[in-house]
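Me: I would like to go through a structure with you, starting with how its ligands are surrounded. May I show it to you first?

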Amino acid sequence: MKYAFYPGCVAKGGCPELYTAAVKVAEKLDIELEEMSDVACTGAGCMPTHLSDPINARTFAKAEQMGLPIMTICSTCQGVFSQANHRLQDAEYREEINREYLAEEGLSYQGTTEVKHMLWVLFEDLGVDKLKSLIQRPLEGLKVSPFYGCFLRRPGPIMVPTKEVGGRRGYLEDLTQLLGAENVDISGKTKCCGFPVLTANEESSLGMVAKHAGESKQNGADCMVTPCPLCHLNLDGNQPRAESLKGEKINLPIIHLPQLLGLALGFDADEMQLGKHIVSTKAVNDKVDMLT
Amino acid sequence: MEVTYKVHREDPENGGESSFSTYQVDLPEDATVLDGLQKIRDEQDDTLAFRASCCQGTCGECAVRINWRAQFTCTTKIADVTKKGPEILCAPVRNIPVIKDLVFDMDKFTWDKMAAMKPWMEPEDEFAPTENLIPESEMADVRKTMSCYQCGLCDEGCAVLPVDFDFLGPGAMVKGYRFVMDPRETGARKEERLAVVEQPKGLWDCVHCYEANGKCARGLEPSSKIMEMRDVSFKHGIKNEKVARHHNSFINSVKQTGWLDERKLVMETEGLTNIGGLMKLVPTAVRAMTRGKMPGRHEKRPGADQIKRIIEKAEESK
Amino acid sequence: MPEYDVLVIGGGAAGLRAAIAAKRAGASVALLSKVHPLRTNSALSPGGINAPLGSDDSVQKFADDIMNAGDGLCNSEAVNALAAEAAREVVWLERVGVPFNRDADGRIDRRALGSGSVERAAYADDRTGHTVLHVLHEQFQRYDIPCFKEWFVTSLIQDAGACTGAVALDHRSGRIESFSAGAVILATGGFIQAYRPCTAAVGTTGDGLALGYDMGVGLADMEMVQFHPTVYNATRTALISEATLSAGARLVNAAGDTVVDAAGLSRAQLAAAVDKAGRNGGGPVSLDLRPVENLTSRFPGAAEVVRLMAGLDITQVPVPVQPVAHRAMGGLDANASGETSVAGLFAVGECAHSGVHGAGRMPGNTLTEAVVFGKRVGEAAAAHAKSAGARSASTDQAARDGGRLAEITSGGSSGDTMGTIHRELGEVMHANLGVTRSDAGLTEAQEKIRTLRERHGKLRVGNKSRIFNYALTSYIELGNMLKLAEAVALAARGRNESRGAHLRSDFPERDDTSWKAHTVVHQQDGAPKLDRKAVSA
Ligand SMILES: Cc1cc2nc3c(=O)[nH]c(=O)nc-3n(C[C@H](O)[C@H](O)[C@H](O)COP(=O)(O)OP(=O)(O)OC[C@H]3O[C@@H](n4cnc5c(N)ncnc54)[C@H](O)[C@@H]3O)c2cc1C
Ligand code: SF4
Ligand code: SF4
Ligand code: SF4
Ligand code: FES
């Protein structure tokens, strides 16, 4: 199994621990990664589509040349890619972009590149049985609140296009269970984390952090797990500010998806760089340490 | 068939505490949830308050949460909501102040927000003797958008409203879209229109969670409409200054290096003269540095020149 | 006490248009409505809004067609006004925002409503009423006119013979308040909820007709009740526009054979034909929409409402239909400026009888009527308010209405319910005052309505609150419908002929010697009295 690996800006910038963990975990799972280094940021939903579609078409064309599907580790990247790829299935539109923007570089996108988030790869390509066989440390007793955020689930017709992949609506819970941990449910697990409005309306953004993290804590979670580093930036990085806004302590560790996976695959907290988070992950480390 | 209604009650003249009343109702197989409510009011409890008007899914008046999902009582068949059990739970749409029982404050929920869109045209040639000549292809989307009931079901799903009730919400944005996309408003009017849509608590406060797409009673895809309006706003120049700074910074960063410089993004978004804004960021920055989390040096990527070329060309194309 | 030059009661298309016109004419205006304007009956009309916009059409042709459809009962002044001003109003609606469908030249497209008729209805898909109403409400907001929504008008104020205001109950606060005004416009819609089944919104209970009737205004041509020929009817109804018929839809029996050829039939004839075919034993009549090209893009509203209410897919199966009570032509006797016999009291829209529809309304003319007459009446009321000195200053009547509400809410249940009375009323109206009538049936109906009125008089409401007390307002509405039903039955029994929407099995012919006249019902000592009034040439 081999992928063109698109780590995204945040995993290479604000959340370096995500990159490290993802690479280590992939290796353990026999997923071969060839990193795409000469391609652009997706636009992250912050660029208008008339700018981002051409640069994303370029990325897809490069992967097509490599003959590989793309794997992402960020819901936002995945969401933007999926939507762009959806528009680029229109042959006329694709040709226009090839002609106007890609031809000069000798590139042309044929519309065949598949783009998958690591979470989907685990279930749809690697398979549950293989995954199970590699677990070395079932996370028994760990209470995890799965947090999807938005982009991995919506818009539904694009992110979950067919019945065959209907499971995407529950992969995160399935994975938590598969790794031996216990699911803690919150009402907002598929809601927004608030990151996208941080600039436009900070109070509202921090309010979302307080709501999701607070509810997880109240429901007894030891931590939240998320497939999106932007969710992580907000839920983890801004948790202290959300706490002071609401005047209450939450102090809930936020774990990246590959980190949780890594812990079950036998890596220790340092290898998964849990120490890099803003909210201390000590509670999680302690529980996991007891398991070994 | 025999069903059990469990209905939210709240009486402003009686302390405004909320509770549930339970009623047994015998209804025809093809009855709607509204039929049952009307029967209850007629035969069992005439104090029950709920709204309805057209009774055929065309006016948008009867939104209620049925088994916790917001929908119209007049088009929801009891047979469809009793598949898992004979109980039908009715509660007001969430996040809205309740006036009585299932009647909630539509002013705050919808009407005031719609009005904030300044939703009317004031054409200079209002009394011209003939109509505007417009190709059907340019009118169809506006017309479909105008089928919006202004029912507020999409607001019910919105991710922002629970944390910021003043957000104008997807319903009002759909109203804005109807004008932004109307070929009859051009030039200075279009710019004014965009400024209205981009007002604080408007277009840029949406978190593009795409929740509303799945909630719209008329399939109007409100979230997608918001994103389309953002594309238009980009082409006309973003009018919300802070957002404009953020986006310019973002695009410049990608243009220069092929990827995103988060550090600069934060600084430029706050505006270099915005001392108050910068001070707010300090605690996060300090915390981040002590954890070795502050993004490192921002290197130019291979391919960056091509990326710059493409973006610049696309910028010209608008 | 709030005071305005012009008080508009009703927030449908007619009321909104009148309020805008009065405001533009310089009057201070307020609008009262028992539901939010966007939730009114006007939102339900799919088909279109008539105006002679086509190059093959003219004001004269339009006027002639209306006179024809009216079967001898049209007032020509009203008809000419409608025909002459329709195009200007529709163009104005387009200018201020209605996204009408376009023809190949980018002009407002027109379509035929019903087979064989002229292509004269401008339309916005099959959501014309909805779209027009929303744009009128936009303009209403533009003029910043105070809107008292969810206020239920309980009575009109009369001072020295003139109407000088109204009393209303605020659903939200429970307050009863008097409004003082130089002129009052009733735009309260029709009374078709007196029928079961019917196509209209729940609030179409004839409140305005009853308010005017109580003040001495006559009710004209009340027997003229239009049935819509193509309505799905089960527990709930779903109306499908006749525009589908001119677009190729067929009326078929269970075997799929065409049972009614709609070509050239008026609405009343079509309703009668569908009704007859339904009784002929070939099974229920169905509307087969499958022959219509681009069905779901041309008629998205029909696809939606049939899916929601009937659970049927119009692209797959024919939809069972029957004629269902739809729209009354009768109403408060008024002239082409909306003036009634009471100074300061105006009527417009479905509650008014200006004689524009005569005995048979052309499909697509009510929306036109609402905007054309809305404008005329708004302006006339503004002018009246300027010249009229009289305004009410007394709040006595609010106190009196308060007392009446207290009396209504003084009881508990007695076994009988409003729902039962309403259902029995609707059934007798449908059966005996339906598509065809006879003296025996009408006599029976009169008797039934009398007993229903008695039963209603004995009923009391248990809910004593004033806040969103819909049981209380339903009580008043039901009383209004019973009162109007009595007038309908009286007028229908009086008119010993068949004309337009009024078909008598015992008098199948039109009788121009005795009945080329309007029926007018007045209230005398609490009882209805029937008069005849000449049709103004
Ligand atoms: C299903 C359907 C389809 C139709 N199709 C067509 C068509 O295709 N073309 C066409 O031209 N016509 C059509 N019609 C007819 C047309 O829609 C109506 O006749 C027209 O909308 C009436 O408008 P209006 O403004 O007079 O009254 P309405 O829209 O009924 O408004 C009445 C107003 O009065 C208010 N009101 C009533 N009583 C009180 C009270 N006591 N206190 C305060 N406020 C009160 C109500 O709240 C409401 O705001 C259709 C009607 C229906 C029901
Ligand atoms: S949850 Fe927020 S940050 Fe995460 S993908 Fe959704 S919008 Fe983006
Ligand atoms: S897309 Fe925006 S407006 Fe729509 S529901 Fe989500 S946050 Fe709310
Ligand atoms: S966009 Fe859809 S859900 Fe939202 S108010 Fe309009 S019709 Fe209702
Ligand atoms: S009552 Fe009109 S939509 Fe339900």
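Reply: Before the shells are discussed, one convention is needed: Ala, Val, Leu, Ile, Met, Phe, Trp, Tyr, Cys and Pro count as nonpolar, Asp, Glu, Lys and Arg as charged, and the others, Gly among them, as polar. Please also note that this is a predicted model.

Me: Understood. How do the residues of the shell around ligand 3 divide?

Reply: The shell around ligand 3 has 11 nonpolar residues, 2 polar and 1 charged.

Me: And which residues are the closest to ligand 3?

Reply: Ligand 3 is surrounded by 14 residues, and the closest are Cys158(B), Cys206(B), Val207(B), Cys209(B) and Ser223(B).

Me: Where does ligand 2 lie?

Reply: Ligand 2 lies between chains A and B. The residues around ligand 2 include Cys150(A), Cys192(A), Cys193(A), Cys228(A) and Cys231(A), together with Val207(B). Phe151(A), Phe195(A), Pro196(A) and Leu230(A) are also among them.

Me: What is the division into nonpolar, polar and charged there, around ligand 2?

Reply: The shell around ligand 2 consists of 10 nonpolar and 2 polar residues, with no charged ones.

Me: Let us turn to the chains. How many residues does each chain bring to the contact?

Reply: Chain A contributes 58 residues and chain B contributes 53. Together the two chains bury about 4800 Å², and 61% of that area is on carbon and sulfur atoms.

Me: How many salt bridges are there across that interface?

Reply: The rule finds 4 salt bridges between chain B and chain A. One of them joins Glu104(A) to Arg309(B), with the closest N and O atoms 3.6 Å apart.

Me: Which helices of chain B supply at least two residues to the side that touches chain A?

Reply: They are H8 (222-236), H9 (241-257), H10 (262-270), H11 (275-290) and H12 (304-316) of chain B. H12(B) provides the largest share, 8 residues. By class, the side of chain B that touches chain A comprises 23 nonpolar, 12 polar and 18 charged residues.

Me: A change of topic: how many aromatic pairs does the structure hold?

Reply: Over all chains there are 15 aromatic pairs. In one of them, Phe123(A) and Tyr171(A) have ring centres 4.4 Å apart and planes at 5 degrees, so the pair is stacked.

Me: Which parts of chain A does that pair tie together?

Reply: Phe123(A) belongs to helix H6 (residues 118-126) and Tyr171(A) to helix H9 (residues 171-178) of chain A, so the pair links parts that are 48 residues apart in sequence.

How values were computed. Residues are numbered from 1 along each chain as its sequence is written. Chains are lettered from A and ligands numbered from 1 in the order in which they are written. This is a predicted model: local features need pLDDT of at least 70, side-chain atom pairs count only at pLDDT 80 or more; totals for chains, interfaces and linings use all residues. Side-chain values use heavy atoms; hydrogens and water are left out. A residue is near a molecule or strand if one of its heavy atoms lies within 4 Å of it. Contact means heavy atoms within 4.5 Å. Buried area is the accessible area (1.4 Å probe) that two parts lose on being put together, summed over both. A salt bridge is a side-chain nitrogen of Lys or Arg within 4 Å of a carboxyl oxygen of Asp or Glu. Helices (H or I, at least four residues) and strands (E, at least two) are DSSP runs, numbered from the N terminus. Rings of Phe, Tyr and Trp (its six-membered ring) pair if their centres lie within 6.5 Å; planes under 30 degrees apart count as stacked, over 60 as edge-to-face and the rest as tilted.
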